[in-house]
Amino acid sequence: MDDNNVKEKTNYPRRRPYRTPKKQEVKAENKVENKEIKEEKNEQIVEDVKSENVQVKPKAKTQTRRKPTTKKEKQKIKIIPLGGLNEIGKNITVIEYKDEIAIIDCGLKFPEEDMFGIDIVIPDISYLLKNKDKIKGIFLTHGHEDHIGALPYVLKQINVPVYGTKLTLGIVETKLKEHNLLSVVDLKRIQPRDIIKLDNMSVEFIKTNHSIADSVAIAVHTPLGVVLHTGDFKIDYTPIDGEVMDFARFAELGKKGVIAMLADSTNVERDGYTQSEKSVGEKLEMLFGKAKGRILVATFASNIHRIQQIVKAAEKYGRRVAVSGRSMENIVQVGIELGYLVVEKDTMIGIDDINKYTEDKIVVITTGSQGEPMSALARMAASEHKKINIVPGDMVIISATPIPGNEKLVSKIINQLVKKGANVIYGSAQGIHVSGHACKEELKLMQTLVRPKFFIPVHGEYRHLKQHGELATTVGLKPENLIIGDNGDIIEVTRDSIKKNGTVTSGQIFVDGLGVGDVGNIVLRDRKHLSQDGILTVVATIERESGMIIAGPDIISRGFVYVRESEILMDEAREIVRNVLRECEENKITDWATLKSSIRDSLRSFLYEKTKRKPMILPIIMEI
Ligand SMILES: [Zn+2]
Ligand SMILES: [Zn+2]
């Protein structure tokens, strides 16, 4: 980690020295319709950034002052989302101005149900590879997987500096370590209100609140105005770390002129406000007060604030805390090391030591709140956990809401736990979980503070983006200034227009084990076929000269029928293959491809007729 670079840099001054506003500036802020003045105003933003920018980056020469633009050629900013639109996850956005690119976030997506055997999905970065030289860095909003998870894969191909807050980089570090990349990647730690100066743009970080500590929004200053990306956010007036979102800075940028805003659409369907994280702590303490036996709490590993509240409740009732699940262990360690998780000296104990205490003195924090089959909680529920056996009297709190698609998995675990006699507390009515994303009223507040000229809803499926756009127009956005985009769209912004102008390659790359991108749609189609109907392999040995069957045909079946109970069917199938081979022999067909397809065709129709199933058929002919 490049700490020096960070220390040299001081903060963006919180109090700006007083300076008499020039007449034109005052006018500019009052009369936004006047185009000429507005342009000057935008220039002013860059000037402001220049004068206030405090990053002491050795610069060879001062930038030449821009002449008042009389050029006909229009300047434009390109905004290219490479992921995160019309989907939840894999967030990555390109902001391009002149010959510079700033990348905001670099996330992964977890596979959908029909992506058999795929571990994770990452964005297609062909566009970035083609424009490698322009990229100035990857700027991270926070440490969730859908914002940082693709970093190890992307950094292997484009090694550029990565900027993030302390906790975000702490999580990135453990990730890079697993991929042996830590020593080769340039991690630059920033704080809210820091500004990183590039050649034509500057990137500023602004404090937000979210379900992970240390989240920021990102403002990219360009000569045309500010492009503001909110990142994931919620508005929490009583956050656990006391650090409230920097409303003042959002408002200030809004006043100066935000040309385009990209904002989180995840919770746009929910009315009102998202509850404060603190409300969960109160509920947890109440439950802990009532519990007689062990308490197990499952939550998202990355939600350090939630973990902090669990620890606090445990300490209040004199309970020790053990942690189960690899990602949870990692985050607790990083959290304690970096000071985000404050624990009393004797609170934390190893999972092996829980039996040294009575049950009413134990809290276990575990992964598995989404029902993930291999998670610690799932193993406990299935009696497969080596250290923890669920017994009657255990209280299990599932402090999370299932992500759409995970409901069945979670429900299965709840059933198993209840069967074992545990008191399971779950569900949104219990007050044991709050979302990390802004609901309607908070989204309106953001629009009102920032007053962007153009708006691009991001982070959501189509219906979320659409609704978010409509919501923005109810608080003053002009409908023609809204863009509902898609991954790969080139969204061009000039001072007075926004439009889609072409597309770049975008899409999803599958990661399976060590393979990145080698599993494509054809392999997936085969996997799907195999998963539904199984496979039948036909092996026969034939004499090259005569075409006579020397051995076989043998039939091996997997996932189709249980062979021992289907002797007759198998005998008939063998007979069919034999007939095909004989026919071919008589007709002097020695072309293996034809031979194989005849076997496949005859067998397929026979099996379908008998079973109404269509297994994959794989003929193997050996010749001697
Ligand atoms: Zn997030
Ligand atoms: Zn997210």
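A residue is called partly exposed when its count of other C-beta atoms within 10 Å falls between the buried cut-off of 20 or more and the exposed cut-off of 12 or fewer. Keep that in mind for I336, one of the residues picked out below in this predicted model.

**The chain as a whole**

The protein chain holds 18 helices and 25 strands. Of its 624 residues, 43% are buried. Take the contacts between residues at least 6 apart in sequence: 73% of them join residues at least 24 apart.

How confident is the predictor? The mean pLDDT of the protein chain is 87, with 88% of the residues at 70 or more. Residues 1–64 are another story, as pLDDT stays under 50 there. For that stretch the model has 62 contacts beyond four places in sequence.

**Two isoleucines**

I336 sits in helix α11, which covers residues 326–338. It has 15 C-beta neighbours inside 10 Å, so I336 counts as partly exposed. Setting aside neighbours within four places in sequence, I336 is in contact with L341 and V343. I304 is 32 residues away from I336 along the chain, and their C-alpha atoms are separated by 9.8 Å.

I390 is found in a loop, the one between α12 (376–381) and β16 (395–398). Is I390 buried or exposed? I390 counts as buried because it has 23 C-beta neighbours inside 10 Å, and the cut-off for buried is 20 or more. Not counting residues up to four places away in sequence, I390 touches M380, A381, L417, K420 and A422. K419 lies 29 residues from I390 in sequence, with 9.9 Å between the two C-alpha atoms.

**Helices α7 and α8**

Helix α7 runs over residues 166–178, 13 residues in total. From first C-alpha to last, α7 reaches 19 Å, close to the 18 Å expected at 1.5 Å a residue. Its buried residues are L167, T168, L169, G170, I171, V172 and L176. What do the buried residues of α7 pack against? Their partners are α5 (145–148), α6 (151–157), β6 (162–164), β7 (187–189) and α11. That last partner, helix α11, is also where I336 is placed. Just after α7, N180 takes a positive phi of about 55°.

Helix α8 covers residues 247–256, and its buried residues are R249, F250 and L253. These cover an arc of only 100° around the axis, which puts them on the same side of α8. The general rule helps here: an α-helix has 3.6 residues a turn, so residues three or four places apart point the same way. On the other side of α8, A248 and K255 are exposed. The buried residues of α8 pack against β9 (202–207), β10 (216–222), β11 (225–229), β12 (258–264) and α14 (440–450). Just after α8 comes G257, with a positive phi of about 125°.

**Strands and how they pair**

Strand β3 (residues 100–104) has four of its five residues buried, so β3 is largely enclosed by the rest of the structure. β3 pairs in the antiparallel sense with β2 (residues 92–97), and in the parallel sense with β5 (residues 135–139). In the β2–β3 pairing, I95 stands opposite A102. In the β3–β5 pairing, I103 has I138 as its bridge partner. β2 and β3 form a hairpin with two residues between the strands, and there K98 takes a positive phi near 50°.

Further along, an open sheet of three strands has the order β24-β23-β25, with mixed pairing. Its edge strands are β24 (549–558) and β25 (616–623), each pairing on one side only. On average, neighbouring strands of this sheet are turned by 15° against each other, direction ignored. β23 (residues 535–542) pairs with β24 in the antiparallel sense, and I535 stands opposite R558 in β24. Helix α17 (residues 567–586) lies across β23 and β24, running at about 140° to β24.

Here are the strand pairs side by side:

| Strand pair | Sense | Bridges |
|---|---|---|
| β2 and β3 | antiparallel | five bridges |
| β3 and β5 | parallel | four bridges |
| β23 and β24 | antiparallel | seven bridges |

Terms used. Residues numbered from 1 in each chain as written. Chains lettered and ligands numbered in written order. Predicted model: local features only at pLDDT ≥ 70, side-chain atom pairs only at ≥ 80, totals over all residues. Contact = placed C-beta atoms within 7 Å. Expected span 1.5 Å × (residues − 1). Pairing = 2+ DSSP bridges. Axes fitted to C-alpha atoms, helices over the stretch in contact; angles between N-to-C directions. Arc of directions from axis to C-beta. pLDDT = per-residue confidence, 0-100.
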